[in-house]
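Biologist: Could you take me on a close look at one part of this model, the packing of two helices, and then show me what surrounds it? I'd enjoy one connected account rather than a list.

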Amino acid sequence: MALEITTEQLKRCDMIKATGRIDGQSAPKLAEAFHALIDAGRFRIVFDMGGVEFLSSAGLHALIDAQKTCKRWNRGEVVLASVPPQVYEVLEMVGFVHLFKIYDNAVQAVGSF
Amino acid sequence: MRTVTTVVPGRFASLEELCDLVTQAALDAGLEAAAVHAVQVAVDEACTNIIEHAYGGEDGGEIECTCRIADGELTVILRDRGCPFDPAAVPEPNVTAGLEDRQGGGLGVYLMRRLMDEVRFESTPEAGNVLTMVKRRRECGEQPGAADEPGLACAP
């Protein structure tokens, strides 16, 4: 399934929701979604991964770039929500579970800000 | 044993078609859901490397994907005619590094090694680049992915 991304502005943070495959072709679309928020000065971001079928290294790079930028000068961070078990396995393999706060669902993630 | 082969243009838009092919092959081999997902990611990473590194960008050549389907075991063979790409030459990423020390690159090959049971790479002028990856059905209690263990690492 092709990647679909929606962005929602909330009171204390923004939410990016992805559905589909984050692969070499579609990862730039995810990076663009993060950059659009970052360029607007919004650095507290919930990434809802509930609909992500899989995440390749291209998507991992988009995530780590966004996290580095958002965390600079303690101005915010990217947190993850609703990570499917198989995607979590990939995040664990590359050590990202120590670099991102991960919440069971979007409501908890939004509440963390 | 059943074999399925397809040839696709070396461009990112082909990744989904290849994913569908290997997903069906993995299901036909009787692999469990986690193993099917491992195959999907490993093939995506391998084909991305072929497009970006072997062919130096999109439309540099074709990718041939062969799936050998056996009961409980799937072998995926990817062939290309691009520049020789040696996964063994890719430095291992530091997956315990902190955020600021994270460097780009290397994660794709690392994931291929971790997710698959065997990863072998051969390159000859006659055959081009041939990447062979094997995934076996995990029996209860077994640990996933073993290609990064001694003796099973990517061959140069």
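Modeller: Happily! Let's begin with the crossing of H1(B) and H2(B), which is right-handed. This is a predicted model, so please read everything below in that light. Two packed helices are described by the angle between their axes and the distance between the axes. For H1(B), residues 15–28, and H2(B), the angle is about 145° and the axes are 9 Å apart.

Who makes the contact? From H1(B) come B:Leu15, B:Leu18, B:Cys19, B:Val22, B:Thr23, B:Ala26 and B:Leu27. An α-helix has 3.6 residues a turn, so residues three or four places apart point the same way. H2(B) answers with B:Val36, B:Val39, B:Gln40, B:Val43, B:Asp44, B:Cys47, B:Thr48 and B:Ile51. Sorted by class, this contact has eleven nonpolar, three polar and one charged residues.

It helps to place the pair in the chain. Chain B has three helices and five strands, and their order along the sequence is β-α-α-β-β-α-β-β. Of its 156 residues, 52% count as buried. Taking contacts in chain B between residues at least 6 apart in sequence, 67% join residues at least 24 apart.

H2(B) also takes part in the empty spaces of the model. There are two cavities of 30 Å³ or more, and the largest cavity has a volume of about 90 Å³. Its lining includes B:Ala46, B:Asn49 and B:Ile50, along with B:Leu78, B:Asp80, B:Phe85 and B:Met112. The elements giving two or more residues to that lining are H2, strand E3 (73–80) and strand E5 (128–136) of chain B. By class, the lining of the largest cavity has nine nonpolar, two polar and one charged residues.

Now for the largest pocket, which holds about 230 Å³ of space. It is lined by 17 residues, and those nearest its centre are A:Ser57, A:His61, B:Asn49, B:Glu52 and B:His53. Two or more lining residues come from each of helix H2 (57–71) of chain A, helix H2 (33–54) of chain B and helix H3 (107–115) of chain B. H2(B) gives the most, with five residues. The pocket lining divides into five nonpolar, ten polar and two charged residues. B:Asn49 deserves a second glance: it is among the residues nearest the centre of the largest pocket, and it also lines the largest cavity.

H3(B) is worth following from here. Eight of its nine residues are buried, namely B:Leu107, B:Gly108, B:Val109, B:Tyr110, B:Leu111, B:Met112, B:Arg113 and B:Leu115. What covers these buried residues includes H2 and H3 of chain A, together with H2, strand E4 (118–124) and E5 of chain B. One of the buried residues, B:Met112, is also found in the lining of the largest cavity.

That cover leads us over to chain A, where H3 holds A:Tyr88. Because its relative accessible area is 31%, A:Tyr88 counts as partly exposed. Leaving aside neighbours within four places in sequence, A:Tyr88 is in contact with A:Val83, A:Val97 and A:Ile102. Its C-alpha atom is separated by 25 Å from that of A:Arg72, 16 residues away along the chain.

Two loops of chain A carry a backbone feature you may like to inspect. Most residues other than glycine have a negative phi, and most peptide bonds are trans. A:Asn74, although not a glycine, has a positive phi of about 55°. A:Asn74 sits in the loop between H2 and strand E4 (77–81) of chain A, and it counts as exposed because its relative accessibility is 76%. A:Ser82 is not a glycine either, and its phi is also positive at about 55°. A:Ser82 lies in the loop between E4 and helix H3 (85–93) of chain A, and with a relative accessible area of 21% it is partly exposed.

For contrast, try A:Asp14, in strand E2 (residues 14–22) of chain A. A:Asp14 counts as buried because its relative accessibility is 2%. Not counting residues up to four places away in sequence, A:Asp14 touches A:Glu8, A:Gln9, A:Leu37, A:Arg42, A:Arg44, A:Ile45 and A:Val46.

To return to where we started: H2(B) packs against H1(B), gives two or more residues to the lining of the largest cavity, and gives the most to the lining of the largest pocket.

Technical notes:
Residues are numbered from 1 along each chain as its sequence is written. Chains are lettered from A and ligands numbered from 1 in the order in which they are written. This is a predicted model: local features need pLDDT of at least 70, side-chain atom pairs count only at pLDDT 80 or more; totals for chains, interfaces and linings use all residues. Side-chain values use heavy atoms; hydrogens and water are left out. On a 1 Å grid over the protein atoms alone, a cavity is a set of points where a 1.4 Å probe fits but cannot get out, and a pocket is an open set with protein on both sides within 12 Å along at least five of seven lines; lining residues have an atom within 4 Å of a point. Grid points are joined across faces, edges and corners, and a volume is the space filled by probe spheres set on the points. Helices (H or I, at least four residues) and strands (E, at least two) are DSSP runs, numbered from the N terminus. Ala, Val, Leu, Ile, Met, Phe, Trp, Tyr, Cys and Pro count as nonpolar, Asp, Glu, Lys and Arg as charged, and the others, Gly among them, as polar. Axes are lines fitted to C-alpha atoms, for helices over the stretch in contact, and angles run from 0 to 180 degrees between N-to-C directions. A crossing is left-handed if the near helix is turned anticlockwise from the far one by less than a right angle, and right-handed if clockwise. Contact means heavy atoms within 4.5 Å. Buried means under 20% relative accessible area, exposed over 50%, partly exposed in between (1.4 Å probe, protein chains only).
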